[in-house]
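Thanks for coming. I have one structure to go through today, and I will put it on the screen now.

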Amino acid sequence: MRQLIAGNWKMNGLGASLAELDVIANHVASHPPHADILICPPATLIARAVATAKECLAIGGQDCRAEISGAFTGDVSAEMLKDAGAAFVIVGHSERRQYHQETDATVAAKANAAHRAGLVAIVCIGETEAERNAGKALDVVARQIEGSVPQQAPISSIVIAYEPVWAIGTGRTPTSSEIAEMHAHLRKRLIARLGAHAKDVRLLYGGSVKPSNAREILALPEVGGALVGGASLKASDFQPIFEAAARNS
Ligand code: PEP
């Protein structure tokens, strides 16, 4: 399975930032990587990002509302993202869970909406530092898989991103053996929930991925790519990350 290297720009980026995307797209065109590349800019930039990407990389949203349309001021539906040219949408990022009180049930509804609209949902899960220190990390993510991953969604419409909350934007990462242990656990839980074909669901690692640690993380068993925040904002940081992707197909 080809790895997926996804950039999450969060609430960063104005029109001028598309120059970075243009550099990435040109680089991908001239040096095709071993991985699929995705950038999730703010919603305001999606349509222009799709034009800039010139089909060299995919563009995604960072969130969607579960409903198709209606009186939900300020929200964006999965259908609207699709209409703007997005192919993916991140759902259940820990910042959404923290600042918007999103529950596993909300996240599952958003993942279903993504499938309905023809988008791939990147479902984010991960434990807090207190949960890891209490020895509860494996249980927490198992619960999040049960609650956030819709059982009826086809395998091709789901990607899982394991993002320990304490590793996001902190410069700290779990050890390689902790990441490998977690990804093996996630694979088992997904197969238990969705069936044997869940062996084909890409499991991304996210949390302080940077040029200096990408190769080691991306070489770990069951790591199907990375979700990258800060280091996706500049082409000069993001390129070495996707060039470190394992040659899997
Ligand atoms: C993220 O926001 O999904 C993320 C992984 O951020 P960072 O790479 O900056 O830790």
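The buried residues of helix H10 are covered by several elements, including strand E1 (4-8), helix H1 (18-30), strand E2 (36-40), helix H9 (211-218) and strand E8 (225-228). Keep in mind that this is a predicted model.

Which residues of H10 are buried? In this helix, which spans residues 235-243, they are Ala-235, Phe-238, Gln-239, Ile-241 and Phe-242. They lie on the same side of H10, because the arc they cover around the axis is only 165 degrees. The general background is that an α-helix has 3.6 residues a turn, so residues three or four places apart point the same way.

Helix H2, residues 46-53, can be read in a similar manner. Its buried residues are Ile-46, Ala-49, Thr-52 and Ala-53. Here the arc around the axis is only 120 degrees, so these residues also sit on the same side of H2. They pack against H1, strand E3 (58-61) and helix H3 (78-84). After H2 comes Lys-54, with a positive phi near 50 degrees.

Now the nonpolar cores. How many residues does the largest one have? There are 66, and the ones with the most contacts inside this core are Ile-5, Leu-57, Val-123, Ile-160 and Leu-190. Take Leu-190: leaving aside residues up to four places away in sequence, Leu-190 touches Ile-145, Val-149, Ile-160, Gly-195, Ala-198, Val-201 and Leu-203. There is also a second, separate core, with 13 residues, among them Ala-6, Leu-38, Val-120 and Cys-124.

That is what I have for today.

Notes
Residues numbered from 1 in each chain as written. Predicted model: local features only at pLDDT ≥ 70, side-chain atom pairs only at ≥ 80, totals over all residues. Heavy atoms only, no water. Buried < 20%, exposed > 50% of the residue type's maximum accessible area, 1.4 Å probe, protein only. Helix = DSSP H or I, 4+ residues; strand = E, 2+ residues; numbered from the N terminus. Arc of directions from axis to C-beta. Contact = heavy atoms within 4.5 Å. Core = buried A, V, L, I, M, F, W, Y, C linked by side-chain atoms within 4.5 Å.
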